[in-house]
Amino acid sequence: MIRINENYLKLKASYLFADISRRVNAFQQANPDKKVIRLGIGDVTEPLSQAVVSAFHQGVEEMAGAGTFRGYGPEQGYDFLRELIAKEDFQSRGADISADEIFVSDGAKCDTGNIQELFAGDIRIAIPDPVYPVYVDTNVMAGRTGVNVDGRYEGLVYLDGTRDNGFIPELPGEPVDLIYLCYPNNPTGATITKAQLKKWVDYARENKALILFDAAYEAFIRDPELPKSIYEIEGAREVAIEFRSLSKTAGFTGTRLAFTVVPKACMAYDAQGNEHSLHAMWNRRHTTKFNGVSYPVQKAAAAVYSPEGKAQATALVDNYLNNAAIIRKEMTALGFDCVGGENSPYVWIDGKMGSWDFFDMLLSKAAVVCTPGAGFGTCGEGYIRISAFNSLANVQEAMERLRSVLK
Ligand code: PLP
């Protein structure tokens with residue numbers, strides 16, 4: 001008899017985006033002439049830049065020529081791309097990361113979800129609340145939690161993000177082995193300073209713990225004082241793995257390219273306390289279960305690091321940042337407390353009522369879609385997330401509607 005992994009039965013069905021789309025569809029059916037503006041999902045709306053598109057084409061042309069065709073590439077990514085990433089994203093900021101510590105993949109979702117395979121079943125895991133749900137659900141699937149009670153899984157150590165701590169959780173009050181951090185944060189848009197991040201690095205070093213640092217939104221950081229990479233913090237090479245993605249950086253959500261940085265100095269321990277290289281383990285995992293990102297996509301990704309590619313990616317992100325600034329300014333003027341929207345595409349708004357009530361009000365009265373904060377964890381109740389991923393015209397129109405409804 002084929003039996004299931006019963007840990008899947010513990011998963012709280014994720015009704016969030018299904019629920020949103022059900023409510024939006026019902027509204028649209030009842031109001032066919034109303035134009036719904038979607039500021040709910042975290043997907044980009046603007047097309048790939050010219051530099052990326054021409055490199056992409058060139059890659060496809062090479063695949064069409066007998067002399068330039070390529071089959072399987074290196075699982076970890078082509079050297080031309082790994083070298084660019086190491087130099088442009090890390091060494092240029094004083095972070096000591098080399099090309100062979102970069103593992104190119106098809107998504108930070110897969111990487112942040114798959115990395116937990118490297119760790120023991122009984123480690124203690126600290127997870128922020130509110131949070132990008134992938135970190136929690138993949139550990140539930142792997143059997144590292146008990147059941148869900150009132151929105152929280154037994155066995156996890158939740159790190160509360162609140163208005164009082166500015167959505168930068170305090171260090172855990174009990175020992176933990178694995179810590180998930182994401183800055184700029186999804187969903188709150190909060191950013192972390194070097195001094196704040198240093199506390200986590202020091203904690204990890206003192207406790208032989210490991211930090212999984214999700215920097216999928218680093219491209220939105222414009223404040224030169226804020227760290228884009230955890231490796232800008234002294235001592236992080238030994239205790240942190242970093243996840244990056246071109247999804248939001250360069251509009252690659254539909255093209256797919258991300259990478260994970262596993263420094264060679266990063267160690268974890270067996271039951272006897274012997275050290276093991278996480279770089280070697282991730283390399284083993286990656287080469288066993290992944291066969292590389294397609295050559296044209298890696299060519300396109302390399303173009304993001306060319307002078308024109310950089311300028312065009314910056315312009316794309318600038319558009320979204322401009323939208324975020326407008327959303328933050330308008331919502332603040334309407335009397336709402338906002339986090340994020342600076343150095344981040346997300347604005348996290350204290351709705352002063354239930355998350356879903358606020359969602360329903362915006363939809364029914366303004367035909368604007370946001371994301372209810374409660375969908376990201378119990379600490380998200382009472383908040384909504386408004387995303388800057390849309391055109392300027394749509395954001396302006398949405399804000400005009402909100403002004404007339406919320407005034
Ligand atoms: N990490 C965070 C925090 C995200 O918000 C997202 C996407 O929304 C991802 C990772 C996924 O990135 P990718 O498109 O590379 O899978």
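# A guided tour: sheet, ligand site and backbone

Begin by selecting the four strands that form an open sheet, arranged in the order β13-β14-β17-β16 with antiparallel pairing. The edges of this sheet are β13 (338–340) and β16 (371–372), each of which pairs on one side only. The model in the viewer is a predicted one.

Next, restrict the selection to residues 346–350, which make up strand β14, and residues 383–387, which make up strand β17. Five bridges connect β14 and β17, and their pairing is antiparallel. To place one of these partners exactly, display Ile349 and look across to β17, where Ile384 is its bridge partner.

Now move to the ligand and display the pocket around it. The ligand occupies the largest pocket. Two elements each supply two or more residues to the shell around the ligand, namely α4 (108–114) and α7 (246–249). Colouring the shell by residue class shows six nonpolar, four polar and four charged residues.

Which of the 14 residues around the ligand come nearest? Select Asn186, Asp214, Tyr217, Ser245 and Ser247 to see them.

Three side chains deserve a distance label each. For Tyr217, draw the line from an N or O atom of the side chain to an oxygen atom of the ligand, a separation of 2.6 Å. For Lys248, a polar side-chain atom is 2.9 Å from a ligand oxygen atom. For Arg256, the corresponding label, again from a polar side-chain atom to an oxygen atom of the ligand, reads 2.8 Å. A surface calculation completes this stop: the ligand taken alone exposes 400 Å², of which the protein buries 90%.

From the ligand, return to Asn186, one of the residues that come nearest to it, and switch to a backbone view. Asn186 is joined to Pro187 by a cis peptide bond, with omega at about 20°. Pro187 belongs to the loop between β7 and α6.

Where does Pro184 lie? Pro184 is also found between β7 (178–182) and α6 (194–207), in the loop there. The bond between Tyr183 and Pro184 is a cis peptide bond, with omega of about -10°.

For the last stop, select Phe167, in the loop that runs between β6 (157–160) and β7. The phi angle of Phe167 is near 65°, which is positive although the residue is not glycine. As background to these backbone stops, most residues other than glycine have a negative phi, and most peptide bonds are trans.

Conventions:
Residues numbered from 1 in each chain as written. Predicted model: local features only at pLDDT ≥ 70, side-chain atom pairs only at ≥ 80, totals over all residues. Heavy atoms only, no water. Near = heavy atom within 4 Å. Polar contact = N/O pair within 3.5 Å; in protein donor to acceptor, adjacent residues only side chain to side chain. Areas by Shrake-Rupley, 256 points an atom, 1.4 Å probe, with all protein chains shown as cover. 1 Å grid on protein atoms, 1.4 Å probe; cavity = no way out; pocket = protein on both sides within 12 Å on 5 of 7 lines; lining within 4 Å. Sits in = over half its atoms within 2 Å of the grid points. Nonpolar A, V, L, I, M, F, W, Y, C, P; charged D, E, K, R; others polar. Pairing = 2+ DSSP bridges.
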